[in-house]
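Here are a few short exercises to work through with the structure open. Try each one yourself before you read the solution.

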Amino acid sequence: MGKHVIAGAGQVGSQVARLLAEQGHEVVLVSRSGSGPDLPGVGKVAADAADRERMTSLTRGADALYNCVNPPYHRWAQDWPPMAQSLLGAAEAAGAGYVVLGNLYVYAAPERPMREDDPLTPPSAKGAVRLRVWQEALAAHEAGRVRVTEVRGSDYFGPGCLDQSHLGERLVPQMLGGKPVRVIGDPDQPHSWTYVPDVARALVTAAADDRSWGRAWHVPTTEPMTTRQIADRLCALAGVRNPGVKAMPHWMIRAAGLFSPMLGELEELRYQFVRPFVLDSSDFQRTFGVTPTPMDEALSATIAWWRDRLASAA
């Protein structure tokens, strides 16, 4: 068993910590607040991911350092560069493998299912930020300074996914409560949805296999479904009436963005929800023998998690 350091205790980092602890590893989970699950083998540390000296100290002796940080959308340009440079430097100084949690923003607006070898020509400022993070890490790998890989998923859903998920608190509890849902973009466009436990499993798999280093990979993800299809299936599995899904008018989103930093930042990513947005994860599945969790199983677990959460809050 080895030592693993995770920067970021959010919806992905916490599940990575849980999975590694279940495998018997020593886990150090780092966040600004020192939060995370209370589990045997998981040490929670309050630290700033941008503090290279501190992160290097925490990473010393580790097999892998996982970059699972996620600054607020409207702070990406300011917060991502110093955090990414700190974590890359810490992994290099400690001799640890560096596993980056990425996303699909680095690709152009797709005309077909996205693959890892597609041109990296992002149409958004946030995509450009994430591209810089990856290019600097890959350059360090190619220079022989550190082993690096990046694991990219599509929009997340599942237990623990709240306001940052399009299939989180804006959809699931509304559906369970019989309330109609308004969504960003076209609810009838095919879209890839990546289950968070599959993201955690992909990160851990990549860290443990030398075949992962030096390139990006896509998280095993099921066949695309429209938001309307997701809502239909979720309600059927939950045994509730489907109250309906409608598109939120674009003017309304733009107006709300004047008051909500989160909604305001979504404008440049609108292209992902008004046309097919599909991920091809066949490379990872074929190379590592890992398949995505079936959608019904993933949705059932999501429903159960939300029902527990809602019952606890009642």
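**Exercise 1.** Work out how strand β1 is joined to strand β4.

*Solution.* Keep in mind that this is a predicted model. Start by finding β1 at residues 3-7 and β4 at residues 64-67. Next, look at their directions: the two run parallel, and four bridges join them. For one spot to check by eye, go to Ala7, which stands opposite Asn67 in β4. As a reminder, strands of a sheet pair through backbone hydrogen bonds, either parallel or antiparallel.

**Exercise 2.** Place that pair in the whole sheet, and say which strands are at the edges.

*Solution.* Walk across the sheet strand by strand: the order is β3-β2-β1-β4-β5-β6-β10. That makes an open sheet of seven strands with parallel pairing. Now look for strands that pair on one side only: these are β3 (42-46) and β10 (216-218), the edge strands. As you step from one strand to the next, the twist averages 20°.

**Exercise 3.** Find out which strands helices α2 and α3 lie across.

*Solution.* Take α2 (residues 52-59) to begin with: it lies across β1, β2 (26-31), β3 and β4, and runs at about 150° to β1. Then move on to α3 (residues 76-94), which lies across β1, β4, β5 (97-103) and β6 (148-153). Helix α3 runs at about 175° to β4.

**Exercise 4.** Describe the aromatic pair of Trp217 and Phe284, and decide whether each residue is buried or exposed.

*Solution.* A search of the whole structure gives 10 aromatic pairs. In this one the centres are 6.1 Å apart, with 85° between the planes. Edge-to-face needs an angle over 60 degrees, so the pair is edge-to-face. Next, trace the chain: Trp217 is in strand β10 and Phe284 in helix α10 (residues 282-288), 67 residues apart. Finally, buried means under 20% relative accessible area. Trp217 has 2%, so it is buried, and Phe284 has 0%, so it is buried too.

**Exercise 5.** Find which charged residues sit over Tyr73 and Trp80.

*Solution.* First spot the aromatic cluster formed by Tyr73, Trp76, Trp80 and Tyr105. Over the face of Tyr73 you'll see Lys126, at 5.3 Å from the ring centre. Over the ring of Trp80 sits the charged end of Arg130, 4.2 Å from its centre.

**Exercise 6.** Check the span of helix α6.

*Solution.* Helix α6 (residues 196-208) has 13 residues, so at 1.5 Å a residue it should span 18 Å. Its end C-alpha atoms are 19 Å apart, which agrees.

Conventions: Residues are numbered from 1 along each chain as its sequence is written. This is a predicted model: local features need pLDDT of at least 70, side-chain atom pairs count only at pLDDT 80 or more; totals for chains, interfaces and linings use all residues. Side-chain values use heavy atoms; hydrogens and water are left out. Two strands pair if DSSP finds at least two bridges between them. Axes are lines fitted to C-alpha atoms, for helices over the stretch in contact, and angles run from 0 to 180 degrees between N-to-C directions. Contact means heavy atoms within 4.5 Å. Rings of Phe, Tyr and Trp (its six-membered ring) pair if their centres lie within 6.5 Å; planes under 30 degrees apart count as stacked, over 60 as edge-to-face and the rest as tilted. Buried means under 20% relative accessible area, exposed over 50%, partly exposed in between (1.4 Å probe, protein chains only). A charge sits over a ring if NZ of Lys or CZ of Arg is within 6 Å of the ring centre and within 35 degrees of the ring normal. The expected span of a helix is 1.5 Å times one less than its number of residues.
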